[in-house]
Amino acid sequence: MDRLDNTIRPYAWGSPTAIPHLLGTEPTGEPQAEMWMGAHPGAPSRTGRGTLVEVIDTDPEKELGPAAVAKFGPRLPFLLKILAAGAPLSLQVHPDLEQAKEGYADEERRGIPVDAPHRNYKDANHKPELICALTEFDGLCGFRDPLAAAGLLDDLGIDSLKPYVDLLHAHPEDAALREVLTAILTADPEEMSRTVAEAAAACTRLGGAYTPYADIAHHYPGDPGVIAAMLLNHVRLQPGEALYLGAGVPHAYLNGLGVEIMANSDNVLRCGLTPKHVDVPELLRIVRFRPSDPGVLRPEASPDGEELYETPIDEFRLSRYVLPEAGSAHDLTRATPQILLCTAGSVRAGEHDLTPGRSVFVPAGEKAEVSGTGTLFRATVVA
């Protein structure tokens, strides 16, 4: 197995302290948002044999296993991250696989450069993802019941929000949600900026359930995404709890430290809380306008100590082991590729000692015995 040297991405929303605290390093004063573990060409992990992209390209079947190559091609189909949100991320959705293929092909035909700021589809893959909290973790996930959203907006007592409140009482629910989100994102920018400022003041005054939206407005003054965010469920994960985010589900991470895993894609349609391009027509084509429960996941334990986070897709499979004593060993050998990440304590993985934030890549079929006292996350695929 290979010890991984991983890139930390300094996005503006990142916490300056959470990842350094996990790693036991000194903060630099700059935001440290995501640490990437995998073979994404944008920031592949480095090993003693070269980058993980180079290692896999040399012999895909040896590194990934014949079954994974047959199912996903000669590439690692997931990207594992440590994510540290110090401020809200953009409100966004991801396409399903068919939508991603269609959108990518269309933008290729139209000759839109892949790095153009108005390009939506960087690749032809979907991007389901899972976030597992390491600390208390706040996020938005899926639409509220429209009547609940109407009540939240109505209690702000702002005249300019009354039309949205009335629309949310209409039927059917999916049409009501579509009409309100469309109205928010296409409103006159100056009028919406004034509405957001009024809403921010009201949220600060009311507190309680409105506190997350006051914080969002503090970071994104005047952004229509502040109002759009109030259509969504607010959820606070406790350590060890997770959210699965499938295609078309609007979501945003607000604050906290977590382990994130996703299909190896960079396709994002933004709804707001960002200075970046918002393609409203394409966004409305991708969003699934139906109210839903956030569906907090808790791991299901097996007799061998593995705690699995069940998801409906095969590109990734995330589980964890909480190792209670140094003397016990677990054989994690699999016929598929793995990344093992320590998040607490001290874990021995093969010949490598892992402390929090340290990880290894385990080729398919490679012996993978772990021991120690701590918490270890295992990322692999279903093949």
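Me: What makes Ser90 or Lys276 count as residues that Arg270 touches?

Reply: Happy to explain. In this predicted model, a contact means heavy atoms within 4.5 Å. Leaving aside residues up to four places away in sequence, Arg270 touches Ser90, Leu91, Gln92, Lys276, His277, Val278 and Leu283.

Me: Why is Arg270 called partly exposed?

Reply: Its relative accessibility is 21%. Buried means under 20% and exposed means over 50%, with partly exposed in between. The value for Arg270 is 21%, so the residue counts as partly exposed.

Me: Where does Arg270 sit in the secondary structure, and what does the UniProt record say about Arg270?

Reply: Arg270 is placed in strand β13, residues 269-272. The annotation "active site", from an unreviewed UniProt entry, covers Arg270. Such annotations may be inferred rather than shown by experiment.

Me: How do you know that strand β8 pairs with β11?

Reply: Pairing takes at least two bridges found by DSSP between two strands. Four bridges join β8 (residues 129-133) to β11, and the strands run antiparallel. Four bridges satisfy that rule, so β8 and β11 pair. As one example, Cys132 has Ala242 in β11 as its bridge partner.

Me: What makes both faces of β11 covered?

Reply: In β11 (residues 242-245), Ala242 and Tyr244 lie on one side, with Leu243 and Leu245 on the other, and all of them are buried. Buried stands for under 20% relative accessible area. Across the chain, 56% of the 383 residues count as buried.

Me: How do you know that the chain agrees with a compact globule?

Reply: Here the radius of gyration is set against a rule: 2.2 Å times the number of residues to the power 0.38. For 383 residues this gives a value near 21 Å, and the chain has 22 Å, so the two agree. The C-alpha trace spans about 65 × 50 × 40 Å along its principal axes. Of the contacts with a separation of 6 or more, 75% are between residues 24 or more positions apart.

Me: Which domains does the chain have, and what does UniProt place at residues 3-144?

Reply: The domain assignment gives domain 1 (2-140 + 236-297), domain 2 (145-224) and domain 3 (307-380). Taken over C-alpha atoms, the centres of domain 2 and domain 3 are 43 Å apart. From an unreviewed entry, UniProt places "domain: Phosphomannose isomerase type I catalytic" at residues 3-144. That span is 27% helix and 25% strand.

Technical notes:
Residues numbered from 1 in each chain as written. Predicted model: local features only at pLDDT ≥ 70, side-chain atom pairs only at ≥ 80, totals over all residues. Heavy atoms only, no water. Helix = DSSP H or I, 4+ residues; strand = E, 2+ residues; numbered from the N terminus. Buried < 20%, exposed > 50% of the residue type's maximum accessible area, 1.4 Å probe, protein only. Domains from an automatic or database assignment.
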